[in-house]
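Please find below my notes on this model, set out as numbered points for a colleague who has not met it before. They begin with a link near one end of the chain and then move on to other parts.

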Amino acid sequence: MGDKKSIEVDPAAAVRPFSESQPAIEGTDLKEKESNVDLTTTKTSEAADEEEEDLFKPLLMDASIPHEENPLTVRAVVVGCILGSLVCASNLYLGLKTGFTFSANMFGAIFGYGVLKFLEKSGGKIPIIGGFFGPQENSIVQAAATGAGGTGGIFVAALPAMYRLGVMGEGRSPMDDLGAIFTITLVASFIGIFYVTPLRRFFIIQVARELKLMFPTPTAVALTIRSMHAGAAGSIDAMKKLKCLMWSFMAALVHRVTSYYAIGILYDWHIFTWIHIWSGYKSWAMNIESWGWYFEITPAFIGSGILIGLNPAISMFAGAVIAWGIVGPLLVHYGECVGIALFDEDTPEWDGYYSFASLRNLGKTTPSPRYWLLWPGVMVMVCSSMAELFVQYKVIWSALKTVWRESCAGINDKLVARGKQNAFLAKQGAKQVKDEIVIEDPFPPEEQVKTWMWALGLLVTLVIAMIVFHFQWETNPGLTILAILMAFIFSFLAIQIGGVTDTTPLTAAAKASQLVFGGATSGGSYTIEQAQKINLVAGALASGGADQATALVSDFRTGFLIGTSPIKQWIAQSLGSFISVWLGPGLFVLFTSAYPCIWDVNAEGSCPFMVPSVTAWAAVAEAVTNPQVSIPWSSGIFSIVMGAVSVAQVVFRHYYLVGEREKYREWLPNWGAIALSWVIPAPVFATAALLGAIIAALWRKYSMRTWDLYGYAVAAGFIAGEGLGGVVGAVLTLAGVDGGTKGTNIACPMNSC
């Protein structure tokens, strides 16, 4: 689901989702969260100390920084791709667990600074390795990292959902389809990059001020890069941030790997199981344990809580209490839903231990609370995201008028260059928006991406997409073009909304694409399996293309502020994306080989991954293609009511809480975070995120200076460290030396965590 602020969770200020990338919910990227970055208070130079800096113009840089002749260096791209690969691996692990994905931009900027600063000092004048390292080269590192770390969304949602629905062929595994997985990754990665390239000038130069496209996270990255290169003081602070990031990264990595061997002690604290054991296996505690109420020492989600702030974290926890503490138990009590007993006559001591998260035999048996709660979760995600979109109708209308004006002007300029002119186009192109401040592009034509580069790339990718989707995914060229067109539309909307709010509505885009393709394949000659495959693969292309396009525009914003030429950033991100095309499928096969439960619902044993995005995509695909699968009536009513409430709050906040009342907005619940708790089948991540948010709030209250210096570094290190620890865990599992075979499950329910 990945909004990359990717669930596909949209992680926000420095996150990709719940794509997210996101808070990316599912989809969400933890991208749907509040930014902790106050961009209006950042100052630079003596002039900036006296007045607010204009963040719609390139930043004033330290005058002592030498001119960077060519910041697109081999070392910058290589280091960026390596750092992005770490984030790609982390996103796959975290996305499969919770649907969250995170952007690699800030991680790449800080970690890249440390690596290249070391090479600058130790390499001397050695070609490639040594030489001056400046802010523009730093922006190249983060661009390459963003590209290399940005394809996780399709692997934590649509692709495993296809296997779970059995539409890939009986007995087939991801390893059997590695070629097909590679080609869809290739298309989804590059189609968005190519079609959004010509819109750089529009979003970054022409309408940024008019539409208030601040792009909070990319701007924060640019400000961070500038501060790290601001003379001796900046260098000292930068090294402090780097050391903090490295220590937190290593601590999270070591903790995650060692915890596999004593998971009930070092990672999962099943407090109610402990109470059950201490009572002599005769207590009420297993009733609470069954609903997922335990605490997980997960650095990644403590780190995400540090980033998202108290409001989203409290909202997420409140949503968990509503779902898994009130609504779920009531549904079971009144017979609307059922659980599955995990104990039997051979394990009577665990009497009372149930699972309420089954998604098997949909439409054939009484559903589980997880399936019942899935629909209000998806409904609220879509409704709240779309409402945020529609209340910005003035911005969108203004953007459309600007697109029309600029298009007319561009066509007329081409005609004038050939000695011709069209009066209508000239008149439309000459219109100016009232009080519009014209900003010239600071980069000359030779530093722009050449038209032939993106046009040829788009044409080739389009042809490849139609061939690949026809022969490998049974999708005709018309539906493939429709998916790409939807990706473009979603990109246009996501960039505008994300530029203003730092929230990219990729969750809404993904679900909207599934609904569109559900309609496109209904009433035709498609079987249910074919319709579901088309639904998921086309949705993956639409949301994946929009995700990549949004990431590229974000990089263009960072480069604009730092002064890095667009062509160099474009090449850096494209090279990073090319790496991810190979890395993403390989990591996906690694995880699915180590943990078959990711793709096979009938896999035996407990599963360490909750795959909320996967189940959400699969459930929607079934609902819009299979007439035998229905939404429970009571769940549908509850979904409609909650969707209406979330829309009403958006309208209330946007139109009533303005002016003097705007200060009350922070007290409103975050419905995207609440909905996320309804989709994730346990409250464990909500509790971890709440702990992180409380730590951050206390930290900011008592030491704002150290928070500004170390806050993001700690969070980024925790997130990336645990994610890489998950990759190490998959390797250990394949090698047969993981915690399941060499460790202990002491203190776990039924001796299994």
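**Notes on the predicted model**

1. The link of Cys-748 and Cys-753 is left-handed, with -105 degrees about the S-S bond. The sulfur atoms of these two cysteines are 1.8 Å apart and form a disulfide, a term that stands for a pair of cysteine sulfur atoms within 2.5 Å. A search of the whole structure finds 1 disulfide. Cys-748 counts as buried at 1% relative accessibility, whereas Cys-753, at 29%, counts as partly exposed; here buried means under 20% relative accessible area, exposed over 50%, and partly exposed in between, with a 1.4 Å probe and protein chains only. Two further cysteines may be looked up as well: Cys-88 is buried at 3% relative accessibility, and Cys-244 is buried at 16%.

2. A word on the basis of these notes. This is a predicted model, in which local features need pLDDT of at least 70 and side-chain atom pairs count only at pLDDT 80 or more, while totals for chains, interfaces and linings use all residues. Residues are numbered from 1 along each chain as its sequence is written, and side-chain values use heavy atoms, with hydrogens and water left out.

3. Taken as a whole, the protein has 28 helices and 4 strands, where helices (H or I, at least four residues) and strands (E, at least two) are DSSP runs numbered from the N terminus. Of its 753 residues, 59% are buried. The protein exposes about 29,500 Å², and carbon and sulfur atoms supply 65% of that area; accessible areas come from the Shrake-Rupley method with a 1.4 Å probe, and for residues only the protein chains shown count as cover.

4. Helix α22 covers residues 566-594, and its 29 residues should span 42 Å at 1.5 Å a residue, which agrees with the 41 Å between its end C-alpha atoms; the expected span is 1.5 Å times one less than the number of residues. The helix nevertheless has a kink of about 30 degrees, centred on Ser-580, the bend at a residue being the angle between axes fitted to the seven residues ending there and the seven starting there. Because 21 of the 29 residues of α22 are buried, this helix is largely enclosed by the rest of the structure.

5. How many salt bridges does the count come to? The count comes to 5 salt bridges, a salt bridge being a side-chain nitrogen of Lys or Arg within 4 Å of a carboxyl oxygen of Asp or Glu. One of them joins the side chains of Glu-296 and Lys-97, at 3.3 Å from N to O. This pair links distant parts of the chain, since Glu-296 belongs to strand β2 (residues 295-296) and Lys-97 to helix α2, 199 residues apart. Glu-296 is buried at 4% relative accessibility, and Lys-97 is buried at 5%.

6. Another salt bridge brings together the side chains of Lys-117 and Glu-120, at 3.2 Å from N to O. Both residues lie in helix α3 (residues 105-123), where they are 3 residues apart, about one turn of the helix. Lys-117 and Glu-120 are both buried.

7. The side chains of Lys-533 and Glu-474 also meet in a salt bridge, at 3.5 Å from N to O. Here again distant parts of the chain are linked, with Lys-533 in helix α21 (residues 528-562) and Glu-474 in the loop between α18 (451-471) and α19 (477-501), 59 residues apart. Is each partner buried or exposed? Lys-533 counts as buried at 9% relative accessibility, whereas Glu-474 counts as partly exposed at 38%. Lys-533 also lies 8.8 Å from Leu-165, C-alpha to C-alpha, although the two are 368 residues apart in sequence.

8. On the surface, Val-74, Val-78, Ile-82, Ile-126, Ile-128 and Ile-129 make a nonpolar patch of about 540 Å². Patches are made of residues with over 30% relative accessible area and no salt bridge, like charges being joined within 9 Å and nonpolar side chains (Val, Leu, Ile, Met, Phe, Trp, Tyr) within 5 Å. Val-74 is placed in helix α2 (residues 74-98) and is exposed, with a relative accessible area of 52%.

9. Finally, Val-651 lies in helix α24 (residues 633-655) and counts as partly exposed at 39% relative accessibility. The C-alpha atoms of Val-651 and Phe-390 are separated by 9.6 Å, with their positions 261 residues apart along the chain.
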